[in-house]
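Open the structure in your viewer and get the selection tool ready. We will go stop by stop.

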Amino acid sequence: MIPTDADPAAPLDAQASGLTASDLPVDGPDLAAFIAGKLCHDFISPSGAIVSGLDLMRDPTAQDMRDDALALIEQSARKMVALVHFARVAFGAATTSERFTARELHDLVAGMTDGGRAALDWRIADGEFSKPQARALVNLAYLTVGALPMGGNAVVQARAENGRLTIEGVADGARARLKPEAVVGLKGERLTEGLAGQWIQPYWLWLTATQAGGTLDLTVDEGRVVLIAVLPA
């Protein structure tokens, strides 16, 4: 077991009963600011790469790099589109969509994680998910893949029984881990030190599960991270 200040193997306190905005460590303008900051951080890399590619194409001394510049622009534009589509479901209201298919959600997560060191093993059968369920699923899946910085296998699965939907992400691989900021966020606690960008998405997952009337559990062992969200079906 990886030791932390608070044991990550213990169930996280994500009970929604009686929870109000005043009970939350971060809400309202502060929460909006944290999410906006993360989105800006995510968007700046591909948008900056597009600008760099355009600068190369305009540079008369770099015409031999035109093909490389076009490839950079195309790759970065695709990444930007993937980020926008993911963010609309993971953080936003996704326009008028009320339900999402498993295939749609897989494509959103795959668009964010393809090309990385970890492999996404999506084991969710065809079916539909409500907005809160979809939001929890894509964030949990993304964090599961992100727990494998050195590579490995990220298994994501879901099952519905007894009126509850259980979403599970299992990250197996060398040095599977979560940063301390992520553990704090998954516990639903305010960040007191560390990087806010590493904290806000785990906190948002906790908040999504909590406000839907569900629970969130985290287990961290040597080479293995398990995230489990349970929401109303």
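Which residue in the turn between strand 5 and strand 6 has a positive phi? Select asparagine 162: its phi is about 55°. Keep in mind that this is a predicted model.

**Stop 1: the first hairpin**

Now widen the selection around that turn. Strand 5 and strand 6 form a hairpin, with 2 residues between them. Strand 5 covers residues 152-161, and strand 6 covers residues 164-172. The two strands pair in the antiparallel sense, over 9 bridges. Pick alanine 154 and look across to strand 6. Alanine 171 stands opposite.

**Stop 2: the other partner of strand 5**

Keep strand 5 selected and add strand 3, residues 118-122. Here the pairing is parallel, with 5 bridges. For one bridge, select alanine 118; its partner in strand 5 is glycine 152.

**Stop 3: on to strand 8**

Go back to strand 6 and add strand 8, residues 224-232. These two strands are antiparallel and share 9 bridges. Select glycine 169 and look for the residue facing it in strand 8: leucine 227.

Next, add strand 7, residues 215-221. Strand 7 runs antiparallel to strand 8, and 7 bridges join them. Try two facing pairs. Threonine 219 stands opposite valine 226. Valine 220 stands opposite valine 225.

Strand 7 and strand 8 also form a hairpin, again with 2 residues between the strands. Click on glycine 223 in this turn. The phi of glycine 223 is positive, about 75°.

**Stop 4: two helices that cross**

Hide the strands. Show helix 2, residues 66-90, and helix 4, residues 131-146. How do their axes meet? They come within 8 Å and cross at roughly 130°. Helix 2 is therefore oblique to helix 4.

Which residues make the contact between helix 2 and helix 4? From helix 2, select Phe86, Val89 and Ala90. From helix 4, select Ala134, Arg135, Val138, Asn139 and Tyr142. Colour them by class: 6 are nonpolar, 1 is polar and 1 is charged.

**Stop 5: the cavity**

Now look for enclosed space. How many cavities of 30 Å³ or more does a search of the whole structure find? The count is 1. The largest cavity has a volume of about 50 Å³.

Select some of its lining, including Lys38, Asp42, Leu83, Met112 and Gln201. Phe86 and Tyr142 also line this cavity, and both belong to the contact of helix 2 with helix 4. Helix 1, residues 28-58, and helix 2 each supply at least two lining residues. Helix 1 gives the most, with 4. The lining divides into 8 nonpolar, 1 polar and 2 charged residues.

**Stop 6: the largest pocket**

Finish with the largest pocket. About 920 Å³ of space lies in it. To find its centre, select Lys38, Tyr142, Gly146, Gln198 and Gln201, which lie nearest to it among the 31 lining residues. Lys38, Tyr142 and Gln201 line the largest cavity too.

Now colour the helices. Helix 1, helix 2, helix 3 (102-113), helix 4 and helix 6 (196-211) give two or more residues each to the pocket lining. Which element gives the largest share of that lining? Helix 1 does, with 7 residues. By class, the pocket lining has 15 nonpolar, 10 polar and 6 charged residues.

Note on methods:
Residues numbered from 1 in each chain as written. Predicted model: local features only at pLDDT ≥ 70, side-chain atom pairs only at ≥ 80, totals over all residues. Heavy atoms only, no water. Pairing = 2+ DSSP bridges. Axes fitted to C-alpha atoms, helices over the stretch in contact; angles between N-to-C directions. Parallel < 35°, antiparallel > 145°, perpendicular 65-115°, else oblique. Contact = heavy atoms within 4.5 Å. Nonpolar A, V, L, I, M, F, W, Y, C, P; charged D, E, K, R; others polar. 1 Å grid on protein atoms, 1.4 Å probe; cavity = no way out; pocket = protein on both sides within 12 Å on 5 of 7 lines; lining within 4 Å. Points joined across faces, edges and corners; volume = space filled by probe spheres on them.
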